[in-house]
Amino acid sequence: MAGEKIKTNIQCQNIAPIENLTRLISSNSLKIGVFANNGSGKTFISRLFRLTENTNELHLENEISPTDKLITIGKSNSNFSFSIIDKKGITQEDFKIELKKGVIPNLPKTKYTYHTFNQDYVEENISALSYEKDSEIEGFILGKINIDLKEDEEKLSKIEKEGSELNEQIKIETEKYVEENVSNIQNIKRLGDYKILEFQNIFNGIQKDKYDISKTFDELIEDYNKIKSVPENLDDIKQIEKLNLDFKLLNEIKENCLKEYSLSELATDFKDKIKDKQLFVETGITLLDSEKKDCPFCEQSLEKDALNLIDKYTTYLNDIEANTIKLFKEYESSLEKYIITLTNIEIQNTKRINEFNKYKTKYIP
């Protein structure tokens, strides 16, 4: 359709210096020039396109992926997407590349072939042939006979030398700081995490995401000194004793305490024999003079059978009452022992709690 243009969409997130870039470019052709200041990210975008060539298989080296250097410092992943929609509105190209620290990425298959002539290409295809201008070099080289990389080679050599010197200087200062401020802490080198303070681990950690910390270094040292101050002969907190209670007996006491006890109920069996005379007999017993042996009602001398009956009734009532009182005395004694046991255990447990709180406050951060 007349007036329609090709739409090229590019998106970058955390690609080296480019934290976030989204551009939709409308053009009449696929020939697009990119102009930007040095250090703005052109080379990093070109390296993403070079990944699509899939000429060399990528491998991890010391848990580091060759694509880690494409990710923005301090970030752990990045994303790149590119699509082309032709003048008829048909998508001719659409691919994405996701990068993660320490992971070899899955590279997409593209419909187009992207020839990228950046510095990496020159080093791989020209430097490998000792910069011989007339050598047979695969690929497309623009201005091939005019290429002179001597100046670039000198710059690279200078940068590598400066980087090596800076790396050595940082190593010396880092190791000196660790030795003066950390290594002298008692037993610190016995901790497995002490290896984190080795220079190479510190250097590699620069690329990792920062961790939020809840305490300052001085506060952590204070916590460490607390732990270090624990005496070697610190007494253990004694184990809590198990309660040894006879719950069967306690339930029995509970049930018996809910019952009603009276002489009339205790003598039920005996009363069945003298139902009609119960009040009369009980009143007579209270009035009976043991010396006279006379009936308190008619004042006649009691016969032998009558006396035996009265004695039997009196003995029965006294035995039942005495046994009941004795039983509850035993209950009382058992409960008093339990109360003493529980009180002693409570005192001991309170002591243990106080010891624990003392240890916790004094020795545990």
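A salt bridge here is a side-chain nitrogen of Lys or Arg within 4 Å of a carboxyl oxygen of Asp or Glu. The side chains of Arg-50 and Glu-53 make such a contact, at 4.0 Å from N to O. Please keep in mind as you read that this is a predicted model. The protein has 365 residues, and 21% of them count as buried. Below is a friendly tour, from the overall layout down to single residues.

**Overall layout**

- The protein contains 10 helices and four strands.
- Reading from the N terminus, the order of elements is β-β-α-β-β-α-α-α-α-α-α-α-α-α.
- Among contacts with a separation of 6 or more, 60% are between residues 24 or more positions apart.
- The accessible surface adds up to about 28500 Å², and carbon and sulfur atoms contribute 51% of that.

**Salt bridges**

- Side chains of opposite charge can pair when their charged atoms come close.
- You will find two salt bridges in this structure.
- In the bridge between Arg-50 and Glu-53, the N to O distance is 4.0 Å.
- Arg-50 counts as buried because its relative accessible area is 14%, under the 20% limit for that class.
- Its partner Glu-53 has 26% relative accessibility and therefore counts as partly exposed.
- The other bridge joins the side chains of Lys-215 and Asp-223, with 2.5 Å from N to O.
- Lys-215 is partly exposed, since its relative accessible area is 32%.
- Asp-223 sits in helix α5, which spans residues 217–228.
- With a relative accessible area of 13%, Asp-223 is buried.
- Setting aside residues up to four places away in sequence, Asp-223 touches Lys-215 and Pro-365.

**Aromatic rings**

- A pair of aromatic rings is described by the distance of the centres and the angle of the planes.
- The structure has 11 aromatic pairs.
- One of these pairs is formed by Phe-49 and Tyr-114, whose rings are tilted, with 5.2 Å centre to centre and 40 degrees between the planes.
- This pair links distant parts of the chain, as Phe-49 belongs to helix α1 (residues 42–51) and Tyr-114 to the loop between β4 (91–100) and α2 (119–125).
- In sequence, Phe-49 and Tyr-114 are 65 residues apart.
- Phe-49 counts as buried because its relative accessibility is 14%.
- Tyr-114 also has 14% relative accessibility, so Tyr-114 counts as buried.
- Tyr-114 makes another aromatic pair with Tyr-112, and this one is edge-to-face, at 6.5 Å centre to centre with 70 degrees between the planes.
- Tyr-112 has 31% relative accessibility and so counts as partly exposed.
- Phe-49, Tyr-112 and Tyr-114 are among the members of one aromatic cluster, which also includes Phe-80, Phe-82 and Phe-95.

**A charge over a ring**

- Arg-47 lies over the face of Phe-44.
- The distance from Arg-47 to the ring centre of Phe-44 is 5.6 Å.

**A nonpolar patch on the surface**

- Ile-25, Ile-32 and Val-34 make up a nonpolar patch on the surface.
- Together, these three residues have about 250 Å² of accessible area.
- Ile-25 is part of strand β2, residues 18–27.
- Its relative accessibility of 31% is why Ile-25 counts as partly exposed.

**An exposed loop residue with distant contacts**

- Ile-240 is in the loop between α5 and α6, the latter covering residues 247–257.
- Ile-240 is exposed because its relative accessible area is 55%, and the limit for that class is over 50%.
- Leaving out neighbours within four places in sequence, Ile-240 is in contact with Asn-349 and Arg-352.
- Ile-240 and Asn-349 are 109 residues apart in sequence, while their C-alpha atoms are 6.8 Å apart in space.

Notes. Residues numbered from 1 in each chain as written. Predicted model: local features only at pLDDT ≥ 70, side-chain atom pairs only at ≥ 80, totals over all residues. Heavy atoms only, no water. Phe/Tyr/Trp six-rings, centres within 6.5 Å; stacked < 30°, edge-to-face > 60°. Helix = DSSP H or I, 4+ residues; strand = E, 2+ residues; numbered from the N terminus. Buried < 20%, exposed > 50% of the residue type's maximum accessible area, 1.4 Å probe, protein only. Lys NZ or Arg CZ within 6 Å of the ring centre and 35° of its normal. Patch = residues over 30% accessible without salt bridge, like charges linked within 9 Å, V, L, I, M, F, W, Y side chains within 5 Å. Areas by Shrake-Rupley, 256 points an atom, 1.4 Å probe, with all protein chains shown as cover. Contact = heavy atoms within 4.5 Å.
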